[in-house]
Every structure is written in C-alpha cells, then in structure tokens.
Amino acid sequence: LNLSGFYYNYQNYQSFELAGLSLVVRNKRAFAKGFEAEFNTRPVNGLYLQANMAVLDATVKNVTLPSGEVADRRMAQAPKFTASALLRYEFDAGAGKLAMQTNWKYNSSQYFSTFNAPVDLQDGYVIGDARISYEFANIPLEAAVFVNNLTDKRYLIYNLDLSGPLGITQQTFGRPRWFGGSLTVRFR
C-alpha cells in the first residue's frame, strides 16, 4: 500500500488561452492539492490485484475569459477523481503459462481548456480492456489476444474550442473498441 499527499503552489503555471485565432501561453498563479493511493497484492500464487485512486483539486487563478471577465477556473485535463483496477491470473498450462487479465479506469469530468466552457467538458467515463496470453516454457515466445475499450465508450482526449472566432471545435476521440493480437519474442 502506497499513500501520498501533495500541494503545489505554481507562480508561473503555463496556461494556454485563445486570443483571436492564436493559442497563447500565459503565466498564471495556480494551485493543485490532492492525494493518491495505490494497492498491490498477490493473495495466492498467480493472482495479481492492483487498485489506484487519486483525488485532485486544481485551480488556475485570474483566467481572462473570451467575454473579458477574469475568473478562477479548474485546471485543464485535471479530473477531480480517478480510479483504476487490474486483475491478472496466470497458471501453468501444458508446456507454458496462460494468463488472463482485465483492467478498468474511471475519470471524473474534466475540461480541456482553462476557459471551462461547456464545449470543453468531457463527462466522467469508464473504459476497460481484456487480454489473454500464453507464454511458452521451452521457447522465448508469448502469444496474446486483446480487446481494448470493451464497452466501446466514446470519449474525448482533446478539444480545441474555436467556436468564438470560427464557430467550430476540433475534437479528438479515444479509440473505439478494437481487437488485436501480438507475438513477442524475449531474448534471454
């Protein structure tokens, strides 16, 4: 079990703000405080459990909004709460080792700019992955298949709000559900 707390007092936090059609970096006062917890265990042979969580309160001071108003805003890309978990079980099977794994992550809502405009808001979401692998004992080879974003959740990973000057936003979404496989050769 690992626990940590933190407090940051930024004198020159680099805040990206839109001025007309230009992205400008302005130094602002900002504060971030929170704590993190991480738990890892192997309760029985072959079973791995991991859980993480973080709580964050992050504020950028005196942000000039497109309206000209100056206000304190939530820091960009700083969800107030995140949590993740991983479950992995591996066991001997034939002439090798079979492993099954799943991991899940939750992010609470977050903004993609210090303006905190509604168009910049990504609501909280959960995504999860699964993987099955087989590692051969006599040859340094592992074969695996996986599914990422099991629930096919649609979520933003980037947003550029140009709605003021151009009436558009540029958005990038995380990958939809996707399947894959791999062969890994390990040199010993």
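In this predicted model, Met75 is in contact with Tyr10, Tyr13, Ala30, Phe31, Ala58, Thr59 and Val60, once residues up to four places away in sequence are set aside. Met75 also belongs to the largest nonpolar core, which has 13 residues, and together with Val60 it touches the most other members of that core. Strand S1 (2-19), strand S2 (22-41) and strand S3 (47-64) each contribute at least two residues to this core, and the largest share, three residues, is supplied by S3. As a general background, nonpolar side chains in soluble globular proteins tend to be buried together.

Nonpolar side chains also appear at the surface, where Val44, Tyr89, Met100, Ile132 and Val145 make a patch of about 430 Å². One of these residues, Met100, is placed in strand S6 (residues 96-107), and it counts as partly exposed because its relative accessibility is 38%.

**Salt bridges**

The structure holds six salt bridges, and three of them are set out here.

| Pair | Closest N to O distance |
|---|---|
| Arg88 and Glu90 | 3.0 Å |
| Arg131 and Glu142 | 3.1 Å |
| Glu135 and Arg186 | 3.8 Å |

In the pair formed by Arg88 and Glu90, both residues are buried. The salt bridge between Arg131 and Glu142 links distant parts of the chain, with Arg131 in strand S9 and Glu142 in strand S10 (residues 141-148), eleven residues apart. Arg131 is partly exposed, because its relative accessible area is 26%, whereas Glu142, with a relative accessible area of 6%, is buried. The salt bridge between Glu135 and Arg186 likewise links distant parts of the chain, since Glu135 lies in strand S9 and Arg186 in the segment after strand S13 (178-185), 51 residues apart. Glu135 is partly exposed at a relative accessible area of 28%, and Arg186 counts as partly exposed at 34% relative accessibility. Salt bridges with shared partners join Arg131, Glu135, Glu142 and Arg186 into one network.

**Three buried polar residues**

Ser133 lies in strand S9 (residues 125-136), and because its relative accessibility is 4%, it counts as buried. Leaving aside neighbours within four places in sequence, Ser133 is in contact with Arg88, Lys97, Leu98, Ala99, Glu142, Ala143 and Ala144. Two of the salt-bridge residues described above are thus found among the contacts of Ser133, namely Arg88 and Glu142.

Ser113 is located in the loop between strand S7 (110-111) and strand S8 (121-122), yet it counts as buried, because its relative accessibility of 14% falls below the 20% limit for that class. Apart from residues up to four places away in sequence, Ser113 touches Arg74, Ala76 and Asp120, and its side chain is joined to that of Asp120 by a polar contact of 2.7 Å.

Gln122 is placed in strand S8 and is buried, with a relative accessible area of 8%. With residues up to four places away in sequence not counted, Gln122 touches Ser109, Gln110, Phe112, Tyr155 and Leu156. For Leu156, the backbone nitrogen lies 2.6 Å from a polar atom of the Gln122 side chain. Gln122 and Tyr158, which are 36 residues apart in sequence, are 9.3 Å apart in space from C-alpha to C-alpha.

Note on methods:
Residues are numbered from 1 along each chain as its sequence is written. This is a predicted model: local features need pLDDT of at least 70, side-chain atom pairs count only at pLDDT 80 or more; totals for chains, interfaces and linings use all residues. Side-chain values use heavy atoms; hydrogens and water are left out. A nonpolar core is a set of buried Ala, Val, Leu, Ile, Met, Phe, Trp, Tyr and Cys residues joined through side-chain atoms within 4.5 Å. Buried means under 20% relative accessible area, exposed over 50%, partly exposed in between (1.4 Å probe, protein chains only). Helices (H or I, at least four residues) and strands (E, at least two) are DSSP runs, numbered from the N terminus. Contact means heavy atoms within 4.5 Å. Patches are made of residues with over 30% relative accessible area and no salt bridge: like charges are joined within 9 Å, nonpolar side chains (Val, Leu, Ile, Met, Phe, Trp, Tyr) within 5 Å. Accessible areas come from the Shrake-Rupley method with a 1.4 Å probe; for residues, only the protein chains shown count as cover. A salt bridge is a side-chain nitrogen of Lys or Arg within 4 Å of a carboxyl oxygen of Asp or Glu. A polar contact is a pair of N or O atoms within 3.5 Å; within protein, one must be able to donate a hydrogen and the other to accept it, and residues adjacent in sequence count only if both atoms are side-chain atoms.
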